[in-house]
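Biologist: Could you walk me through this protein at the bench level? I'd like to ask about the crosslinks, the core and the charged pairs.

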Amino acid sequence: MAISKVTHFLLTIFIFCHVLLSTVKSSTLVQEIKQQSQEDKEPFVGVNIGTDVSKLLSPNDLVSFLQVEKITHIRLYDANTDILKALAKTKIRVIIGIPNNQILAIGSSNATAASWIGRNVVAYYPETLITAVAVGDEVLTTVPSSAPLLLPAIESLYSALVAANLHTQIKISTPHAASIVLDTFPPSQAFFNQSLSSVMVPLLQFLSKTGSPLMMNLYPYYVFMENKGVVPLDSSLFKPLTPSKEMVDPNTLLHYTNVLDAMIDAAYVSMKNLNVTDVAVLVTETGWPSKGDSKEPYATIDNADTYNSNLIRHVFDHSGTPLHPELTSSVYIYELFNEDLRSPPVSEANWGVFYGNSTPVYLLHVSGSGTFLANDTTNQTYCVAVDGVDSKTLQAALDWACGPGRANCSEIQPGEDCYQPNNVKNHASYAFDSYYQKEGKAPGSCDFKGVAVITTTDPSRGNCIFPGSQDVSNRTKAVVNSTEVSGAAKKLGLVGISGNTVAFCILLLIPFVIPW
């Protein structure tokens, strides 16, 4: 009889704890959903990922890189299966794309549209956080022959999302070139190209009905290049302007301090002219090239760095536009990597913030603007030898670093951890980083007559820890340990549950599992 009472009591404790843990877990989940929903409403900066890259990172390495750089929103130009799989169970949100050459088939067949949604959306969501489907890219201006089937394709895809009960979570739209808007300045006089009205009017009605954004590819770079002498470079780059240099809309008397805001407001005015006032503008592409040919003298690293750094700050400042200060458009930077396989002009291959191997083309100056692109906000940078430099030149720089430069070169001596591989490039990279860190990463301390470059990619390997990593090794171990604990918690289904709650239940059971 006593055993029966004990069993009954244990069973009661078990049920009580199970209910308690389930309630706490459910409550935590609700809180996470609410928090995530709030985050989704905040303006963000994402990146476009093109794949015309000769040495593109593997999908898993790409996702790890995105997480390190605190990139939370990306846009793909297709629905790459391997990348979508690698994104599963991360918090990275992705817009997937339908290439222009598939619009004809999807716009002509509901079954084809349903099949596409099944293969590329339903198969991955919600493990992979797909936020939108971009149908084609600049279809109305690059492949006008597909224009009649653009809206049928969008509507068929939407119907497939409705059938899968995903139409409230995932939006459908199509990115447009800026050229569909005419007379963009002053913005108050802008309007959509009237030859496109047969598509734009019903498309905007669809976007309004479904709560989807008007996707626009907006490039102040091209506006500046086509209007040199009229549009100031500083205005194109978000640089501070004196009041006399600000662009003033004579009809509204609104002052514009940068070109992008004027382009966004021109889109809003164009929609209003068609009686649409409840569709938000999403900037699906914007950026600045870091290199160009002789006809593109303003495609420089400095200008690209300035544009994208100021763009990020502008979005995170939540300042909106002069016409709509209450609305800050989210933007996707074009692009994450230099696509070195792209055809001329030279600038086409040089829009990336990073090279294909993940080293930065330049370091964005975004400190204080959230955690986006951690290459700057974490200040974890290293100095390494540039690829392709001849050994004689590198050896001279190495000798200076270890001699007059007083870098600590003990780790690249025979038998030490960083001696292998025994070549001048490896040894020079270590010596350069030692000098760079010793000098406090001061401007000019990573140059060595042009044979060194700053990188955010840790060059350490195995037991060879570069100087720039030695001061964070303990923090790294802490993060790894935290990750291991987190993984164990997930397996037990205890993520987000208070340690006190679990401890309370364990204490209740201790008297019955420990022999006294």
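Modeller: Happy to; what follows is a set of questions and answers on this predicted model.

Biologist: Let's begin with the cysteines. How many disulfides does the count come to?

Modeller: A pair of cysteine sulfur atoms has to lie within 2.5 Å to qualify. Cys383 and Cys446 are joined at 2.1 Å, S to S, and Cys402 and Cys409 at 2.0 Å. Cys418 and Cys464 are joined too, at 1.9 Å. By this rule the count comes to three disulfides.

Biologist: How many residues apart are Cys383 and Cys446?

Modeller: The disulfide between Cys383 and Cys446 links distant parts of the chain. Cys383 is in strand β14 (residues 382–385), while Cys446 is in the loop between α15 (424–438) and β15 (452–455). In sequence they are 63 residues apart.

Biologist: And where does Cys464 sit, the partner of Cys418?

Modeller: The disulfide of Cys418 and Cys464 is right-handed, with 110° about the S-S bond. This pair also links distant parts of the chain, 46 residues apart, with Cys418 in the loop between α14 (391–402) and α15. Cys464 is in the loop between β15 and α16 (467–470).

Biologist: Is the disulfide of Cys402 and Cys409 left-handed or right-handed?

Modeller: The sign of the torsion about the S-S bond gives the answer here. For Cys402 and Cys409 the torsion is about -95°, so the disulfide is left-handed.

Biologist: For that same pair, is Cys402 buried or partly exposed?

Modeller: Buried requires under 20% relative accessible area, and exposed requires over 50%. Cys409, at 8%, is buried. Cys402 has a relative accessible area of 31%, so Cys402 is partly exposed.

Biologist: On to the interior. How many residues does the largest nonpolar core have?

Modeller: In soluble globular proteins, nonpolar side chains tend to be buried together. Here, the residues with the most contacts inside the largest core are Ile74, Trp116, Val121, Val135, Leu214 and Leu336. A second, separate core of 23 residues includes Tyr430, Phe432, Tyr436 and Phe466. The largest core has 101 residues.

Biologist: Ile74 caught my eye. Which residue in β3 stands opposite Ile74?

Modeller: Strand β2 (residues 73–76) pairs with β3 in the parallel sense, over three bridges. Leaving aside neighbours within four places in sequence, the contacts of Ile74 include Val47, Leu66, Ile92 and Tyr332. The residue opposite Ile74 in β3 is Val94.

Biologist: What is the bridge partner of Val94 in β4?

Modeller: Strand β4 (residues 129–135) runs parallel to β3, and six bridges join them. In β4, the partner of Val94 is Ile130.

Biologist: Why is β3 described as largely enclosed by the rest of the structure?

Modeller: In a regular strand the side chains alternate between the two faces of the sheet. Arg93, Ile95 and Gly97 point one way from β3, Val94, Ile96 and Ile98 point the other way, and all are buried. The strand spans residues 93–98, and it is largely enclosed because its buried residues number six of the six.

Biologist: Which helix makes a right-handed β-α-β unit with β2 and β3?

Modeller: β2 and β3 are the parallel pair we met above. In the right-handed β-α-β unit they are accompanied by a helix of residues 81–86, namely α3.

Biologist: Now the charges. Which residues are linked with Arg75 in a network of salt bridges?

Modeller: A search of the whole structure finds five salt bridges. Arg75 meets Asp137 at 3.0 Å, N to O, and forms another with Glu285, with the closest N and O atoms 3.2 Å apart. Arg75 is buried, with a relative accessible area of 1%, and Glu285 is buried at 6%. The residues linked with Arg75 in the network are Asp137 and Glu285.

Biologist: How far apart in sequence are the parts tied together by Arg75 and Glu285?

Modeller: Arg75 lies in strand β2, whereas Glu285 lies in strand β12 (residues 281–286). The pair therefore ties together parts that are 210 residues apart.

Biologist: Last one: in the salt bridge of Glu339 and Arg342, is Arg342 buried or partly exposed?

Modeller: The side chains of Glu339 and Arg342 meet at 3.5 Å, N to O. Glu339 is buried, with a relative accessible area of 3%. At 31% relative accessibility, Arg342 counts as partly exposed.

Notes
Residues are numbered from 1 along each chain as its sequence is written. This is a predicted model: local features need pLDDT of at least 70, side-chain atom pairs count only at pLDDT 80 or more; totals for chains, interfaces and linings use all residues. Side-chain values use heavy atoms; hydrogens and water are left out. Helices (H or I, at least four residues) and strands (E, at least two) are DSSP runs, numbered from the N terminus. Buried means under 20% relative accessible area, exposed over 50%, partly exposed in between (1.4 Å probe, protein chains only). A nonpolar core is a set of buried Ala, Val, Leu, Ile, Met, Phe, Trp, Tyr and Cys residues joined through side-chain atoms within 4.5 Å. Contact means heavy atoms within 4.5 Å. Two strands pair if DSSP finds at least two bridges between them. A crossover is right-handed if, with the strands pointing away from the viewer, the path from the first strand over the helix to the second runs clockwise. A salt bridge is a side-chain nitrogen of Lys or Arg within 4 Å of a carboxyl oxygen of Asp or Glu.
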